[in-house]
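Thanks for coming, everyone. I'll put the structure up and then walk through some contacts and backbone details.

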Amino acid sequence: MSDPTTTTANQPEPPSQSQSATIPSSSSAPQPSTSTSVPPSGQTPSNADPVPGPSSSDPPNPVESIDIQTRCNGVIEAYRSGRFGKTTAILKLQQVIASAGPSASGDAAFKALESYIRILDNFDAFRNSAGERGAALAGEHEQGNPRPEGEQGGDSDEGETLPTQKRGREVVEEDDDDEPTSRRRIDTRRFPWVIQEEGSPSDLSPELRKTIAALENFARDPKLTKASLLNSPRCPQFPDSEWTNLLAGRAVDFDHVFSGVYSVSADSQSRERFGTLEVITGTSTPARRVQSHSDFVIAWEKYVEACLFVFPHRRGELDHYGQFVKQLFSSIPAELHTRVIHFDKAVRLRVAQRRNILLTDYHAFMDLSTLWLQFGGGSTNSKPAGGGSSGNRRREACRRWNTNVGEQDTSPMLAPALPQGRRDSDSPNRFNISHYRPRYARDFIWLDDDDDRVTLSIASEYFDPIPSVPSHELRDSVLSRTINDNPDLFQIVTPVRITTLRYLLTSHPNQPFVDSICEGLIHGFWPWADTTESNLPTSLDVEEYVKDPVHVAFAEEQRMTEIAFGTFSPTFSRLLPGMLSVPITVSSKARSKKLRLCVNHSAEPFSRNSLIPRQAVSVPLDNLHNLGSALRRARARLGPDVRLVVWKSDVKRAYRIIPMSPYWQAKQVVKINGSYNVDRNNNFGGRAGGGLWGRFFALVLWIAVCMFFIEDLFAFVDDSFSWDVEGNLILYKNYNRLLPVKQARFLSVLDLLRIPHDDEKQLWGERLTIIGFDVDPNAMTITMPPSARSDLIATIHDFAVPGRRLPLSAFRELAGWVNWALNVYPLLRPGLCALYEKMKGKSRASALIRVNVSICRELRWIVDHMMTSEGVFMMNSVEWPLETACFTLYSDASSSGLGFWCPAFSLGFQCRINSITGHDVITANGVRIFYWESLAVLSALHWLLGFCPAAPRRVVIYCDNTNSVDMFSSFRASSFYNPILITLVDLMLSFDTQLQVIHIPGYQNMVADALSRFQNEAALHYHPNLSISTFQPPHLSLGAMVS
């Protein structure tokens, strides 16, 4: 056997193709004939692994078969091409050699595997020593203490001396934590990031600069830093692995910190290297995880203690951020606390991965807030578990009904096989709905999962940018000259801190819209007016409407107030070229003696409002439906015993803080008592007034909700409102009084933006009037304020006197007032039928109209129910699924009779029209089927409420007449049908029953149809167990009694 040639580790030669394919031999078997043959004994090349010489006395070895050699060479080539790592290559080589059979064992197999591993080592040494050879050529000495050339690296089984490759691998594979003591010096000044920083230094706070300096110092010798820290007598208890992360500026794993509090074993990891394979022992999975608020507090306090030990200058940052996260926990239900925990992880990870933000730079985490706090990490569902949004689930339910997917309808009135007929999509029917919202309920009806409505703050993410001044206006030389020559008249006046607003909206997803708002606040807004073909005159004066001395004095007083605020220009005596004046009026507020100054932009000729399209200025204002949904969610998660309060905050001079462009200011010059003022700002008389204010305030709400995390914040024009837990108060220093935390935070947002507000308009309590209605979050009711209800009842009593003659304006005023009350008394809508019919076709406001008996009956019927009703109960006024109905009935009518039946009891009822008593209407000629269909529905409900020992809470009645379905959905009908509605409402209120009347195609309503036609055999065919009886419809009510 020849002596092996030792290849030095310092400068390994590249392994040749023949080397990698050389088959190690330890027997006298003839070498296979391949394209890469084995050098003969005694002729081992200097760059090859030592190969044992052949012996004629050794038997053939299976590991040297052509198949084994080819497969091993394939593994080596795959490793060299980078298809897998070295550990995998060694395992594959071992598997190939072991597959040679039972005889492939002992020294021969080990020597073969050892030789192939040396081939891999040679390749590694060549690949990793390129840098070392470059360093040697540059005259730099090698790292470490090299062994003398030829020193043995280990003994083979045969006593051979193996090539010394280990020393070379140690040079390139030393521990990453070791600081190299001898490397080519790097010019850090040439790093691109260093050049950029030197050219334009970052604007960093002193705290950030101290942190960066400390981390740079720690990085010079991490092991020494950590050893010094752990040996400090004041070092707090903290997991070893997290000390490493903290000193390196990486994010700390709170799960490990929390686990360390309860651990009784040492937190240690050991690392061992086997060739290029590094094995880390010790658990990396924490035994416990932070899953609740209390868990977080424990981990946070440990983290703060350790962090301040290393970075004492960060105390203020940690205190403020800790308080911020605790507020998040207190404002989010316990079942969603994992969202706050994940949000905190994401925030600390981002701060650790960047060197220019602090934990208190909340604006830098807006996307994380949206992702984790609002959507739970990417899901659009706001609940901790479950499917998609409620709206998607409702649409999916409807789609499944329409495509006959899901449960099959097995109602007994269906024939075994029914033809597919036309489905009327305009009416609610059993095919296209799973929930049904009757139109009479207006907006005070809720879904159990009612959280998909767009609020004003969210709407800001979808608004189009507000247009700038049209180019043809800017080219108007006459007006431009007037504006430029009179800077004292045309100014941009707003108290809003535009720079602060812009900064807080940096992360807003609708930046074009944000830019348009900020530009408007700087240069003035253009109100969407299309003046291209308006033919406006160069100058326009108007006749004054205000003649009353009291009103003139009030107008003069208002002028001085506006001048003091800067929203009116100084007074001047004549119009300048390009100026258009608008008339003013003085009127009293509704049901109040207080006066108000109004600017009439709709006055002709050349109405300014006519230039502005209505669809461009609409804004989705929040209302009590939004607040009701929020209160229902809060009550569901807090339980019935936690008491709540509601609050509202009013913005002072809301519309008037929005500046208008000088090119529009010239078109809204006001004339008061013979002199003029340029109105510089937005006002209530302009069609775009609400659109401009609403869009600006939508961004303010977005900041409050998304930047300051004020939950369930809504706004209706200038009134913002929400709820809070009773007792959750904080001192608001500007007014020196306690306010709900959310309200105080919202006022702080207004203060930050310098949006004005007054102390007396910031209200809160257990019961509060919001948008004209009293909201009680503990009784969960929305009612009319007692004083307003008393005033309305008194007005109705005064109005409802038979034979009295009143002007049309009085009829209109009362109708509007009652209509407003119907928001909380929606079932009483039939009480306005006679009033509206009396006003029909009349237009002159002063025309006298006689109050008839029908009007008196219906209005007093409204009063009777208002005096006994509590208004809307939010927990019961829900859009309930049809399948939750206590009973389902089917009704129908024909020219000969009425019929209805109840599948639950297998009872059917029928009545011949000519046998109906007590209904004078049946003697009239031409009574349409619509009347009988509606009477059949009423009869079905009347029978059920009298039949059941306990009144059912929810009832569904199917009807195949769309007119009847529409009438029971809107609670609006002509006087001929209105008594049916009044009688129905009396039943619903007396028995506290909720009714839904749903359309069903006629071919699906065969049992009720057969009953109405007295085709009892057909009815029994469809439902054999049906028991059939006759009935009489109930007597109809015309309203209250009138003496």
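Start with Arg-118: at 9% relative accessibility, this residue is buried. Buried here means under 20% relative accessible area, exposed means over 50%, and partly exposed is in between, with a 1.4 Å probe and protein chains only. Its partner is Glu-114, and the two side chains meet in a salt bridge at 3.5 Å, N to O. A salt bridge is a side-chain nitrogen of Lys or Arg within 4 Å of a carboxyl oxygen of Asp or Glu. Glu-114 is partly exposed, at 27%. Both residues lie in helix H4, residues 107–128, four residues apart, about one turn of the helix. Helices (H or I, at least four residues) and strands (E, at least two) are DSSP runs, numbered from the N terminus.

A word on the source. This is a predicted model, where local features need pLDDT of at least 70, side-chain atom pairs count only at pLDDT 80 or more, and totals for chains, interfaces and linings use all residues. Residues are numbered from 1 along each chain as its sequence is written, and side-chain values use heavy atoms, with hydrogens and water left out.

How many salt bridges does the structure hold? The count is 27. Take Asp-650 and Lys-761, whose side chains meet in a salt bridge at 3.8 Å, N to O. Asp-650 lies in strand E6 (644–650) and Lys-761 in the loop between helix H26 (741–753) and E13, so the pair ties together parts 111 residues apart in sequence. Asp-650 is buried, at 11% relative accessibility. Lys-761 is partly exposed, at 43%.

Next pair. Arg-767 forms a salt bridge with Asp-774, with the closest N and O atoms 3.3 Å apart. Arg-767 is partly exposed at 41%, and Asp-774 is buried at 6%. Elsewhere, salt bridges that share partners join Glu-562, Arg-653, Arg-656 and Asp-679 into one network.

Look at Glu-562 in that network. Glu-562 sits in helix H22, residues 549–565. Its relative accessibility is 9%, so Glu-562 counts as buried. A polar contact of 3.0 Å joins its side chain to that of Arg-656. A polar contact is a pair of N or O atoms within 3.5 Å; within protein, one must be able to donate a hydrogen and the other to accept it, and residues adjacent in sequence count only if both atoms are side-chain atoms.

Now cysteines. A disulfide is a covalent bond between the sulfur atoms of two cysteines. The cut-off for a disulfide is a pair of cysteine sulfur atoms within 2.5 Å. How many disulfides does a search of the whole structure find? Zero. Why no bond for Cys-886? The closest cysteine sulfur, in Cys-948, is 8.7 Å from its own sulfur, too far for a bond. Cys-886 is partly exposed, at 41%. Cys-706 is buried, at 2%.

On to helices. H14 runs over residues 337–353, which is 17 residues. The expected span is 1.5 Å times one less than the number of residues. That gives 24 Å, and the end C-alpha atoms are 25 Å apart, which agrees. Buried residues in H14 include Val-340, Ile-341, Phe-343 and Val-347. Charged ones are on that buried list too, among them Arg-339, Asp-344 and Arg-348.

In helix H27, residues 786–799, look for Ile-796. Ile-796 is buried, at 0%. Ile-796 and Cys-856 are 60 residues apart in sequence, and 8.8 Å apart C-alpha to C-alpha.

Backbone next. Most residues other than glycine have a negative phi, and most peptide bonds are trans. Which residues does a cis peptide bond join? Glu-604 and Pro-605, with omega about 5°. Pro-605 is in the loop between strand E5 (595–599) and helix H23 (624–638).

Asn-673 has a positive phi, near 55°. Asn-673 lies in the loop between strands E7 (669–672) and E8 (675–678) and is partly exposed, at 48%. Val-717 also has a positive phi, about 55°, although it is not a glycine. Val-717 lies in the loop between strands E9 (714–716) and E10 (719–725).

Last item: Trp-764, in strand E13, residues 762–765. Trp-764 is partly exposed, at 31%. With Leu-729, Leu-731 and Leu-738, Trp-764 makes a nonpolar surface patch of about 340 Å². Patches are made of residues with over 30% relative accessible area and no salt bridge; like charges are joined within 9 Å, and nonpolar side chains (Val, Leu, Ile, Met, Phe, Trp, Tyr) within 5 Å. Accessible areas come from the Shrake-Rupley method with a 1.4 Å probe, and for residues only the protein chains shown count as cover.
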